[in-house]
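Trainee: Could you choose a single part of this structure and take me through it closely? I would like to follow how one detail leads to the next, with the reasoning spelled out.

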Amino acid sequence: MATEESASVMDDYEMLISTTDVALLKRAWRNEKAAPEILQFESSLVQRIKEQIELAEQNEEIFEANNIEPLTVSLYQMDLDRTQFLLRSYLRVRLQKIEKYLFYVLKTDEYLNRLSKQEQMFARRCTDDLGSHLDETVLAKLPDNYRSILKQSITSEEDDMVPAPRLDTFVICKAKQYLSGLDFEPEYSMEITEMERDLLTFVCYKFVKKPLENGKIDLV
């Protein structure tokens, strides 16, 4: 009876930890690592993965109670560890980008809307803490004209102290299907007119930004 229960648990877990979700998480992680800008947060995917991890951790107690074969438990644990690593790394890469482009992300609605609610809270908290620290240690000691965190001086017309993502960075990508000129931004139609499926291409990121957002290419 115990064996049947354990087998049922394993079957349910394997259905939940689907190859599709793990592959999607791996794709999101690779794209996030390779892209020079922060991408849209994969909220539904992350939620599913978290639920699957919680289920797996609960099932470990059942396996221990029913004396499941050590090799089976070990393989189960390896799969769980791999999923946890991918999730943590995906979230960590995003936090690193938020810290790097903190002020630019907060002042740009397009980027701010790509963050999860928790990431938005993190960004705002970091901004408040960093602003307070700079005011107390540096800015308060400077002339009034140079006390802005965002500008070199009050005469600056733009926020020239705020680093922005370099969209002209070159990346390696692979198309998931044949792409024609219509799949790219019209302004770049002279630079890139097509892309063959599964062919590795070294290209300027801004040229492939649109098909990446549409899920038609993967960064490598």
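Mentor: A residue counts as buried when its relative accessible area is under 20%, as exposed when it is over 50%, and as partly exposed in between. Please keep in mind that this is a predicted model. The chain has eight helices and three strands, and of its 220 residues 37% count as buried. The part I have chosen is helix 2, which covers residues 19–34.

Let us begin with charge. The side chains of E32 and R94 meet in a salt bridge, at 2.9 Å from N to O. Since E32 lies in helix 2 and R94 in helix 4, this pair ties together parts that are 62 residues apart in sequence. R94 has a relative accessible area of 0%, so it is buried, and E32 is buried as well because its value is 1%. In general, side chains of opposite charge can pair when their charged atoms come close. By the rule used here, the count of salt bridges comes to 15.

Helix 2 also takes part in an aromatic pair. The rings of W29 and F85 form an edge-to-face pair, 6.1 Å from centre to centre and with 75 degrees between their planes. W29 belongs to helix 2 and F85 to helix 4 (residues 70–100), so this pair ties together parts that are 56 residues apart in sequence. W29 counts as buried because its relative accessibility is 17%. A search of the whole structure finds five aromatic pairs.

Now turn to N31, which is found in helix 2 too. N31 is buried, because its relative accessible area is 4%. Leaving aside residues up to four places away in sequence, N31 touches L39, L212, D218 and L219. The last of these contacts, L219, leads us towards the strands, for in strand 3 it is the bridge partner of C173. Strand 3 (residues 217–219) and strand 1 run antiparallel and are joined by three bridges, while strand 1 and strand 2 pair in the antiparallel sense over five bridges. Within that second pairing, V171 stands opposite V203 in strand 2.

C173 also helps us to read strand 1 itself. In a regular strand the side chains alternate between the two faces of the sheet. Along strand 1, V171, C173 and A175 point to one face and are buried, whereas F170, I172 and K174 point to the other and are not. Two of the side chains on that second face, F170 and I172, join L200, F202 and V220 in a nonpolar surface patch of about 540 Å². Strand 1 (170–175) and strand 2 (200–204) are the elements that give two or more residues to the patch. F202, placed in strand 2, counts as exposed because its relative accessibility is 59%.

To put the pieces together, helix 2 is tied to helix 4 by the salt bridge of E32 and R94 and by the aromatic pair of W29 and F85. Through N31, helix 2 touches L219, and L219 is the bridge partner of C173. Such contacts between distant parts of the sequence have a counterpart in the chain as a whole: among contacts with a separation of 6 or more, residues 24 or more positions apart account for 67%.

Terms used
Residues are numbered from 1 along each chain as its sequence is written. This is a predicted model: local features need pLDDT of at least 70, side-chain atom pairs count only at pLDDT 80 or more; totals for chains, interfaces and linings use all residues. Side-chain values use heavy atoms; hydrogens and water are left out. Helices (H or I, at least four residues) and strands (E, at least two) are DSSP runs, numbered from the N terminus. Buried means under 20% relative accessible area, exposed over 50%, partly exposed in between (1.4 Å probe, protein chains only). Contact means heavy atoms within 4.5 Å. Patches are made of residues with over 30% relative accessible area and no salt bridge: like charges are joined within 9 Å, nonpolar side chains (Val, Leu, Ile, Met, Phe, Trp, Tyr) within 5 Å. Accessible areas come from the Shrake-Rupley method with a 1.4 Å probe; for residues, only the protein chains shown count as cover. A salt bridge is a side-chain nitrogen of Lys or Arg within 4 Å of a carboxyl oxygen of Asp or Glu. Two strands pair if DSSP finds at least two bridges between them. Rings of Phe, Tyr and Trp (its six-membered ring) pair if their centres lie within 6.5 Å; planes under 30 degrees apart count as stacked, over 60 as edge-to-face and the rest as tilted.
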